[in-house]
Amino acid sequence: MEPGARLPGENHMAELFSVSRATMRKALSKLQQEGQLQARKGVGIFVRQRRTRYVIEDDLRFSQSLEAKAAKIDTQTLELTRAPASQEASLALGIDPISQVIRLVRLRIVEGEPIYLTSKEFPADRFPQFEEAFATNQSVTDAYRAHGIPRYTREETRITGGFAHRHEAKALGLTHRTPLIRVSPVNLDPEGRPIEFNFGRWPLGAVELVFNQRREQGVAGERIA
């Protein structure tokens, strides 16, 4: 079936393949956990869209990094609060664990399919007017520029694997314990000071991460599928 296609009902497929409903249910669950299918509550089960390429490169907006030609990209802001830093963010940003950060949680949706869940933390003392600067276009880049940061560089991007926790699965429209790619970039200002810790989650079968710091020169980068 084509990517994005809706599967027939469970009973129909069990009859089509001459298996029991229990066997079909188990097979569908496994394919969802592998990231090949996606269940949409109250709608049905769909074949996942083709894998999207995401270029990891300094100073690019999400929509520029996401190589989804002619795709509709939507963003939902799930949380924008000020709170104590997480342990991971306090280490990455070099701040005290009790220091306040701006926490931004967003969901990226491509052609109606949730594809990326991200939790960002910014040192609050660097961005006193973050909410106001962010509000107009829902843009972190705009918030940076409003605070005198015209560009940023990525200090590192750590990549790990794991299985979706229940809250991650719910946000991304996945079955619990579907494999995820977890990425943790740290961004620096022009003076080399950490300004952002990001914890992002991609469904394993949904993305190809491409490291390509010299794309403008036409030099191929390292890929992680």
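Biologist: In this predicted model, in which sense do strand β7 and strand β10 pair, and over how many bridges?

Modeller: Strand β7, residues 113-123, and strand β10, residues 194-203, run antiparallel to each other and are joined over five bridges. Within β10, F197 is the residue that stands opposite E121.

Biologist: In what order do the strands of the open sheet lie?

Modeller: The order is β5-β6-β7-β10-β9-β8, six strands with antiparallel pairing. At the edges are β5 (73-84) and β8 (153-163), each of which pairs on one side only. On average, neighbouring strands of this sheet are turned by 15° against each other, direction ignored.

Biologist: How should one read a pocket, and which residues lie nearest the centre of the second largest pocket?

Modeller: Rolling a probe the size of a water molecule over the atoms shows where empty space is left. Here, the second largest pocket has a volume of about 400 Å³. Its lining comprises 19 residues, and S86, E88, S184, F197 and F199 lie nearest its centre. Two or more lining residues come from each of α4 (87-93), β6 (100-110), β7, β8, β9 (179-188) and β10. By character, the lining residues are seven nonpolar, five polar and seven charged.

Biologist: Where is the pLDDT below 50?

Modeller: Where pLDDT is low, the predicted coordinates should not be read in detail. The chain has a mean pLDDT of 83, with 82% of its residues at 70 or more. Over residues 215-225, however, the pLDDT is below 50, and this stretch has 25 contacts in the model beyond near neighbours in sequence.

Note on methods. Residues are numbered from 1 along each chain as its sequence is written. This is a predicted model: local features need pLDDT of at least 70, side-chain atom pairs count only at pLDDT 80 or more; totals for chains, interfaces and linings use all residues. Side-chain values use heavy atoms; hydrogens and water are left out. pLDDT is the predictor's confidence in each residue, from 0 to 100. Contact means heavy atoms within 4.5 Å. Two strands pair if DSSP finds at least two bridges between them. Helices (H or I, at least four residues) and strands (E, at least two) are DSSP runs, numbered from the N terminus. Axes are lines fitted to C-alpha atoms, for helices over the stretch in contact, and angles run from 0 to 180 degrees between N-to-C directions. On a 1 Å grid over the protein atoms alone, a cavity is a set of points where a 1.4 Å probe fits but cannot get out, and a pocket is an open set with protein on both sides within 12 Å along at least five of seven lines; lining residues have an atom within 4 Å of a point. Grid points are joined across faces, edges and corners, and a volume is the space filled by probe spheres set on the points. Ala, Val, Leu, Ile, Met, Phe, Trp, Tyr, Cys and Pro count as nonpolar, Asp, Glu, Lys and Arg as charged, and the others, Gly among them, as polar.
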